[in-house]
Amino acid sequence: MNRIREIRENKKLSLKKTTELLKSNDLLTLTPDALAKYERGDRQPNEATWQALANFFNVSVDYLKGYGYSKDYIYKQLDDAYKEKWKDPTGQIMGGSFDKTVDAYLKQAKIKKPSNMNKEFWRDNFNFLFDTPNIKRLLTTKDKYSDNDIKLVLEYTIFLNFTGMKQIIDYYNNK
């Protein structure tokens with residue numbers, strides 16, 4: 001099932017208001033009835049309509065179609081893992097502690113750690129994660145992962161973006 005209704009309701013928008021905003025932003029001309037049919041799955045939007053809706057809701061088309069995890073969900077996993085001092089069950093990364101991995105990355109990247117780490121902090125400093133293959137997969141996957149699996153992928157991805165590791169990976173990728 002797609003996520004159109006879920007996202008629209010989370011934004012506290014009625015069907016009518018959503019269609020008005022879509023039209024006023026020159027994204028899409030749609031009736032409330034047509035949007036309701038898309039939400040229920042009675043009709044399927046064409047690709048241009050999917051893209052317009054995804055742009056309007058600021059999500060990927062795949063996420064809107066019901067696949068993958070949202071960027072907000074991934075940022076929440078980052079925040080949760082850091083604040084709960086989540087431990088890597090393999091114990092192979094930085095002694096297995098997510099907060100140590102993040103702190104080491106911040107130090108290496110010369111990013112000052114604020115006293116209050118919130119969603120904006122993660123967006124401002126860890127947006128690079130969404131350019132990596134592992135995190136791109138989380139955004140589009142049809143598979144379901146546990147929160148622990150997502151946190152492990154995030155920790156490995158952060159670790160692999162340390163300057164030295166990144167240079168080694170880039171070297172071998174360019175051979």
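Here, buried means under 20% relative accessible area and exposed means over 50%. Keep those cut-offs handy for this predicted model.

**Exercise 1.** Decide whether E39 is buried or exposed, then work out what surrounds it.

*Solution.*
- Start with the location: E39 belongs to helix α3, which covers residues 32-40.
- Next, check the accessibility. E39 has 8% relative accessibility, so it counts as buried.
- Now look for a polar partner. The side chains of E39 and R8 are joined by a polar contact of 2.5 Å.
- Finally, list the neighbours. Leaving aside residues up to four places away in sequence, E39 touches M1, N2, I4, R5, R8 and L15.

**Exercise 2.** Do the same job for K142: find its place in the chain and say whether it is buried or exposed.

*Solution.*
- Locate it: K142 sits in the loop between α9 (133-140) and α10 (147-159).
- Apply the cut-off: K142 comes in at 61% relative accessibility and therefore counts as exposed.
- Add a distance: the C-alpha atoms of K142 and Y69 are 9.4 Å apart, with the two positions 73 residues apart along the chain counted as their separation.

**Exercise 3.** Zoom out and describe the protein chain as a whole.

*Solution.*
- Count the elements: the protein chain has 11 helices and zero strands.
- Get the buried share: of its 175 residues, 39% are buried.
- Look at contact range: among contacts with a separation of 6 or more, 62% are between residues 24 or more positions apart.
- Finish with the surface: about 10400 Å² is accessible, and carbon and sulfur atoms account for 49% of that.

Key. Residues are numbered from 1 along each chain as its sequence is written. This is a predicted model: local features need pLDDT of at least 70, side-chain atom pairs count only at pLDDT 80 or more; totals for chains, interfaces and linings use all residues. Side-chain values use heavy atoms; hydrogens and water are left out. Helices (H or I, at least four residues) and strands (E, at least two) are DSSP runs, numbered from the N terminus. Buried means under 20% relative accessible area, exposed over 50%, partly exposed in between (1.4 Å probe, protein chains only). A polar contact is a pair of N or O atoms within 3.5 Å; within protein, one must be able to donate a hydrogen and the other to accept it, and residues adjacent in sequence count only if both atoms are side-chain atoms. Contact means heavy atoms within 4.5 Å. Accessible areas come from the Shrake-Rupley method with a 1.4 Å probe; for residues, only the protein chains shown count as cover.
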